[in-house]
Every structure is written in structure tokens, then in C-alpha cells.
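Me: Please take a close look at one part of this structure, the surroundings of a single core tryptophan. Keep it brisk.

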Amino acid sequence: GDQGLQGIQGVPGSGFAASVVNRTSTGSSTAQVILNYILIPANTFSTGDIWSYKAFFYKGVVFPGAVCSVKMYISDSTGFSGTYELIGVHKMGATARGMTVGRDFYVEPTFTSGQDSNSDTQNSPYFQTSDSIDTWAIDWTVEQYLIISAVNADPSNPAFNVGAKIY
């Protein structure tokens with residue numbers, strides 16, 4: 001058969017994608033625990049770029065009443081020692097065993113914007129809506145890290161980060 005016409009050129013992206021896969025646990029701690037982080041090299045994102053993260057978590061056991069809060073940050077260090085911004089909070093309900101989360105962000109000339117970081121409903125990677133947005137002063141000209149952390153309401157209900165990706 002004849003070959004079809006050339007398709008429309010897609011929107012150029014950053015060309016960046018990085019992921020981590022592990023089974024790091026919060027263990028018996030009820031404090032905030034950094035599960036992992038992903039390096040975002042300097043100048044990866046610039047004005048007009050849209051970037052996203054997606055991650056999957058699971059709980060070892062179901063313990064009624066225990067809500068696990070997953071918190072995502074952008075930081076210029078691998079911890080909370082430098083400049084960091086809370087960019088997402090996702091809550092895994094007491095009876096949930098697994099949770100897939102994701103957010104999209106838009107880089108403006110002087111700030112990065114996205115869904116309200118504390119809006120933890122209707123925020124799957126496939127559908128995001130919120131009554132408000134947040135803006136963050138993130139300096140993309142230097143190395144940044146997506147920090148993946150979690151807090152357990154009950155120490156017998158450990159949360160695990162099984163995989164995360166930023167692109």
C-alpha cells in the first residue's frame with residue numbers, strides 16, 4: 001500500500017527522564033522518612049517546559065485508622081538541608097494497600113506552578129484537578145532533586161516506595 005502523509009511534529013520536551021526503583025521502607029518510624037531522591041541536572045527544565053513525576057507506593061499491612069502521607073519535594077540537596085519546596089502531598093487511606101500518584105508542573109519565567117500541593121483527592125497521574133494552584137521559586141539552573149518521603153500514622157503499617165519517575 002501507499003505510505004501515509006508525515007504526521008505533525010510533536011512538542012519538544014526536555015528529553016530528560018530519570019527513575020528509581022527500590023523497596024525502601026519507613027519501617028517502624030512515625031517520623032518523616034526520606035525514601036529516595038532523583039537527581040534533576042542543572043538546566044534540565046526552562047521556561048515553557050512541563051515536567052511530571054509518577055510514583056507507586058504500597059503498605060505492608062492494613063491497619064485500621066493508619067493513613068500514610070507521601071510527601072514530594074524539590075530540593076537543591078539530597079535532604080532538607082538546603083532550599084526545598086513541598087510540591088505534593090498524597091494520602092494513602094487506612095485500608096489502601098497500593099497507591100499510584102503523579103503531578104504535572106509548568107515552568108514560568110520566574111516560578112514553577114502546579115496543582116495545590118495539599119490537594120490529595122482526584123490527583124492520580126491520569127486526572128488532576130484542584131480549586132487552587134501553587135507557585136514555587138525553583139532555580140532550575142542548578143542541580144535539584146525530587147525527594148520522595150513518607151510519614152506513617154502507625155508504626156505497624158510500613159509504607160514502601162517501589163518506584164518513581166520524573167520526566
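Reply: A residue counts as buried when its relative accessible area is under 20%. This is a predicted model. W51 has 0% relative accessibility, so W51 counts as buried.

Start with the ring neighbours. F45 and W51 make a stacked aromatic pair, 5.7 Å centre to centre with 25° between the planes. F45 is also buried, at 3% relative accessibility. W51 and W140 pair edge-to-face. Their centres are 5.4 Å apart, and the planes meet at 70°. W51 sits in strand β3, while W140 sits in the loop between β10 (133–136) and β11, so this pair ties together parts that are 89 residues apart in sequence. W140 is buried too, with a relative accessible area of 6%.

These rings belong to a wider group. F16, F45, W51, Y53, F105, W136 and W140 form one aromatic cluster. The structure holds 12 aromatic pairs.

Now the other contacts. Leaving out residues up to four places away in sequence, W51 touches F45, I74, I87, R103, D104, F105, V107, T112, W140, I166 and Y167.

Last, the core. The largest nonpolar core has 31 residues. W51, F57, I87 and L146 touch the most other members. Elements giving two or more residues to this core include β3 (50–59), β5 (84–92) and β11 (144–151).

Two of those strands also share an open sheet of 4 strands, ordered β2-β11-β4-β5 with antiparallel pairing. β2 and β5 stand at the edges with a single partner strand each, so one side of each has no neighbour in the sheet. The twist averages 20° from one strand to the next.

Conventions:
Residues are numbered from 1 along each chain as its sequence is written. This is a predicted model: local features need pLDDT of at least 70, side-chain atom pairs count only at pLDDT 80 or more; totals for chains, interfaces and linings use all residues. Side-chain values use heavy atoms; hydrogens and water are left out. A nonpolar core is a set of buried Ala, Val, Leu, Ile, Met, Phe, Trp, Tyr and Cys residues joined through side-chain atoms within 4.5 Å. Buried means under 20% relative accessible area, exposed over 50%, partly exposed in between (1.4 Å probe, protein chains only). Contact means heavy atoms within 4.5 Å. Two strands pair if DSSP finds at least two bridges between them. Axes are lines fitted to C-alpha atoms, for helices over the stretch in contact, and angles run from 0 to 180 degrees between N-to-C directions. Rings of Phe, Tyr and Trp (its six-membered ring) pair if their centres lie within 6.5 Å; planes under 30 degrees apart count as stacked, over 60 as edge-to-face and the rest as tilted.
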